[in-house]
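Here are some notes for a colleague who is opening this structure for the first time. They are best read with the sequence and the model side by side.

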Amino acid sequence: MFNLYKTSGNISNIQYRAKAISTSPVVRKMAGIALSVVVEKLNEFAPENLAEKWDNVGLLIEPFTKRNVNKILLTNDLTENVMSEAMARGSDMIISYHPPIFAPLKRITQKSWKERIVSICLENKIALYSPHTSWDSVTNGVNDWLAAALPLASAQPVLENLSNPSIGAGRLCVIQGELTLGAAIDRIKAYTKLKDLKVAVAVNRNLESPIRTFSVCAGSGTSVLKGVKADLYITGEMFHHDVLDANHQNIHVILLNHSNSERGYLPIFREILRNMLKDYQAIQIDVSEQDADPLQTY
């Protein structure tokens, strides 16, 4: 068991480490790892019960023939391009942040891209796991990664978990030091490695306006951020009229595109997962090179 925690909120050096809290004997190093053990470790980090009630998280595809997991591919979205990449890499397991199986499937044929992905996984004995909103809620998860784009004095969930108020959806943050909107934009670009952002400047404000508080919600922030008091919202997407409402309440809005507000977390999680599986030899964990936001600026 591991207690994972963030050692620094600094924008340039977020560090994650694991503190052993188990008194169990050291696990003997072995080749590969059982799928059930990987799923157990994933649940230690982000229990499935932290996900929203509407979500579909956890182990979505479990091959009938059991085999050890040696190669894991991390992706934000499991598209057909990413599926081809997984096949080329010889992946035994795919961890897709967004669940490819969300609406119920009534058949598995070759007529739709999601059905084809499921059939390929089944035929090639590739396991599929999705964490989605459990990663949003947990400490050191997606929202903590996004919040660390700006210098933090403090951060707390926007919607607190009833059983543990230190975790939950979104983050409401207090800036450490002084920061203008223009400087915040530059920091977010550098942190996320994005060339451009969509920025809605609040009414009667400008790029020199000070930012003292901000709130983040990875993905779609419309429902989570609605009514939150802050100088700045940072999210992937929001409805048009909600952006206008925020601007008229003197709140700036920065939109990154839905998956661009999430994808940058994958390299962070790769290190977390490597640490959790460090007692097992030759586990290869890759971040997809084919995964990309479908919306591009031309």
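**Notes on strands, core, salt bridges and surface**

1. A good place to begin is the pairing of β4 with β5, two strands that run parallel and are joined by four bridges. Within this pairing, Thr75 has Ser96 of β5 as its bridge partner. Please keep in mind throughout that this is a predicted model, and that what follows describes the model as it stands.

2. Strand β4 also pairs with β15, again in the parallel sense and over four bridges, and here Ile72 stands opposite Ile285 in β15. Is strand β4 largely enclosed or largely open? Four of the five residues in this strand, which spans residues 71-75, are buried, so β4 is largely enclosed by the rest of the structure.

3. A further set of strands deserves the reader's attention, centred on β13. Strand β12 (residues 213-220) pairs with β13 in the parallel sense over five bridges, and in β13 the residue Glu237 is the bridge partner of Ser220. Strand β13 pairs with β14 as well, in the parallel sense and over four bridges, where Ile234 has Ile254 of β14 as its bridge partner. Because five of the six residues of strand β13 (residues 232-237) are buried, this strand is largely enclosed by the rest of the structure.

4. Turning to the interior, the largest nonpolar core has 58 residues, and the members that touch the most other members are Ile72, Met93, Trp135 and Phe269. Ile72 is the residue already mentioned as standing opposite Ile285. As general background, nonpolar side chains in soluble globular proteins tend to be buried together.

5. Which residues does Trp135 touch, if those up to four places away in sequence are not counted? The contacts of Trp135 are Phe45, Ala46, Ile95, Tyr97, Gly141, Val142, Tyr265, Leu266 and Phe269. Phe269 thus appears among the contacts of Trp135, and Phe269 is also named with Trp135 among the core residues that touch the most other members.

6. The structure holds twelve salt bridges, and three of them are taken up in this note. In one, Glu80 and Arg116 have their closest N and O atoms 2.8 Å apart. This pair links distant parts of the chain, since Glu80 lies in helix α2 (residues 80-89) and Arg116 in helix α3 (residues 113-123), 36 residues apart. Both partners are partly exposed, Glu80 with a relative accessible area of 34% and Arg116 with one of 23%.

7. Another salt bridge joins Glu85 to Arg89, with the closest N and O atoms 3.0 Å apart. Here both residues lie in helix α2, four residues apart, which is about one turn of the helix. Glu85 is buried, with a relative accessible area of 9%, whereas Arg89 is partly exposed at 21%.

8. The salt bridge between Arg263 and Asp291 has its closest N and O atoms 2.8 Å apart. Arg263 lies in the loop between β14 (252-255) and α9 (266-276), while Asp291 lies in the segment after β15 (284-287), so the pair ties together parts that are 28 residues apart in sequence. Both Arg263 and Asp291 are buried. Elsewhere, salt bridges that share partners join Glu85, Arg89, Asp286 and Glu289 into one network.

9. On the surface, Leu105, Ile108 and Leu122 form a nonpolar patch, and together they have about 250 Å² of accessible area. Ile108 is placed in the loop between β5 (93-96) and α3. Ile108 counts as partly exposed, because its relative accessible area is 42% and that class runs between 20% and 50%.

10. Two further residues are worth locating in the view. Pro267 has its place in helix α9 and is partly exposed, at 34% relative accessibility; Pro267 and Ile285 are 18 residues apart in sequence and 9.8 Å apart in space, C-alpha to C-alpha. Asp242 is found in helix α8 (residues 240-247), and at 14% relative accessibility Asp242 counts as buried. Leaving aside residues up to four places away in sequence, Asp242 touches Thr222 and Lys226.

Note on methods:
Residues are numbered from 1 along each chain as its sequence is written. This is a predicted model: local features need pLDDT of at least 70, side-chain atom pairs count only at pLDDT 80 or more; totals for chains, interfaces and linings use all residues. Side-chain values use heavy atoms; hydrogens and water are left out. A nonpolar core is a set of buried Ala, Val, Leu, Ile, Met, Phe, Trp, Tyr and Cys residues joined through side-chain atoms within 4.5 Å. Buried means under 20% relative accessible area, exposed over 50%, partly exposed in between (1.4 Å probe, protein chains only). Contact means heavy atoms within 4.5 Å. A salt bridge is a side-chain nitrogen of Lys or Arg within 4 Å of a carboxyl oxygen of Asp or Glu. Patches are made of residues with over 30% relative accessible area and no salt bridge: like charges are joined within 9 Å, nonpolar side chains (Val, Leu, Ile, Met, Phe, Trp, Tyr) within 5 Å. Accessible areas come from the Shrake-Rupley method with a 1.4 Å probe; for residues, only the protein chains shown count as cover. Two strands pair if DSSP finds at least two bridges between them.
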